[in-house]
Amino acid sequence: MMNPAGYSRFGLVAARRAEKLYLAIIDRDGTACHLCGEETEPMERSADHVVPSSLGGSDRLLNRKLAHKKCDGLRGTTPIAIARPIIRWYRDGWITRVEASDLLWRAKNARADFVTEHELTPRRPAESPLARYENCVA
Ligand SMILES: [Zn+2]
């Protein structure tokens, strides 16, 4: 059964519950993405699970943090401490999305001591954020 706004009863209840959750997270943490650190706009927000649902993490406020949908999707179930620097390298243009995704997948599947320093050190990309300074004369 649909209401005049076009939502099913269940959809409307779920939407209101989700809105309350987002407002509570924002009240507690602000509106920045906890993964990349940039501000989020309402339509791009996701309530990321700190401990992923698939690993038994709760859906409740205590286990939720605000993220961009794209950052949440990129992180998947990688632990946050590993995911954050990789997502920030991607955000800043040091690695491509494919490289970020590959690193995140491998990091999540490796013990931390198997992820070598070399693997976690991004190489300088062809289109480096520093390229704009290359023609500067001192
Ligand atoms: Zn983000």
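This report walks through a predicted model of one chain, from its overall layout to a few single residues.

**Ground rules**

Because this is a predicted model, local features need a pLDDT of at least 70 and side-chain atom pairs count only at pLDDT 80 or more, while totals for chains, interfaces and linings use all residues. Residues are numbered from 1 along each chain as its sequence is written. The score pLDDT is the predictor's confidence in each residue, from 0 to 100. On average the chain reaches a pLDDT of 83, and 72% of the residues score at least 70. Where pLDDT is low, the predicted coordinates should not be read in detail.

**The overall layout**

You will find four helices and two strands in the chain. Here helices (H or I, at least four residues) and strands (E, at least two) are DSSP runs, numbered from the N terminus. Followed along the sequence, they give the pattern α-β-β-α-α-α. Among these elements, helix α1 (residues 9-29) has the lowest mean pLDDT, 89, and β2 has the highest, 97.

How much of the chain is buried? Of its 138 residues, 20% count as buried. The label depends on C-beta atoms, placed from the backbone: a residue is buried if 20 or more others lie within 10 Å of its own, exposed if 12 or fewer, and partly exposed in between. Contacts tell another part of the story; two residues are in contact if their C-beta atoms, placed from the backbone, lie within 7 Å. Among contacts between residues at least 6 apart in sequence, 55% join residues at least 24 apart.

**The two strands**

Strand β1 (residues 45-49) and β2 run antiparallel and are joined by five bridges. Two strands pair if DSSP finds at least two bridges between them. One of the bridge partners is easy to locate: His49 is matched with Arg64 in β2. Strand β2 (residues 64-68) is mostly covered, with four of its five residues buried.

**Helices α3 and α4**

Helix α3 (residues 80-91) has 12 residues, which should span 16 Å at 1.5 Å a residue, and its end C-alpha atoms are indeed 16 Å apart. The expected span is 1.5 Å times one less than the number of residues in the helix. The buried residues of α3 are Ala83, Ile86, Ile87 and Tyr90. They cover an arc of only 100° around the axis, so they sit on the same side of α3. That arc is taken from the directions from the helix axis to the C-beta atoms. An α-helix has 3.6 residues a turn, so residues three or four places apart point the same way. The cover over the buried residues of α3 includes α2 (69-75) and α4 (97-109). After α3 comes Gly93, with a positive phi near 85°.

Helix α4 has 13 residues and reaches 18 Å from its first C-alpha to its last, close to the 18 Å expected at 1.5 Å a residue. Ala100, Leu103, Leu104 and Ala107 are buried in α4. Seen down the axis of α4, these buried residues fall within an arc of 100°, so they line one face of the helix. On the other side of α4, Val98 and Asn109 are exposed. What covers the buried residues of α4 includes α2 and α3.

**Four residues to look up**

Which residues does Tyr22 touch, not counting those up to four places away in sequence? They are Arg45 and Ala47. Tyr22 belongs to helix α1 and is partly exposed, because 17 other C-beta atoms lie within 10 Å. Arg28 is also found in helix α1; with 12 C-beta neighbours inside 10 Å, Arg28 counts as exposed.

In helix α4 you can look for Glu99, which counts as partly exposed because it has 16 C-beta neighbours inside 10 Å. Arg97 lies in helix α4 too, and Arg97 is exposed, with 10 other C-beta atoms within 10 Å.

Each of these residues can be paired with a partner elsewhere in the chain, as the table shows.

| Pair | Apart in sequence | C-alpha to C-alpha distance |
|---|---|---|
| Tyr22 and Pro42 | 20 residues | 9.4 Å |
| Arg28 and Lys65 | 37 residues | 9.5 Å |
| Glu99 and Ile86 | 13 residues | 9.2 Å |
| Arg97 and Ile87 | 10 residues | 8.8 Å |
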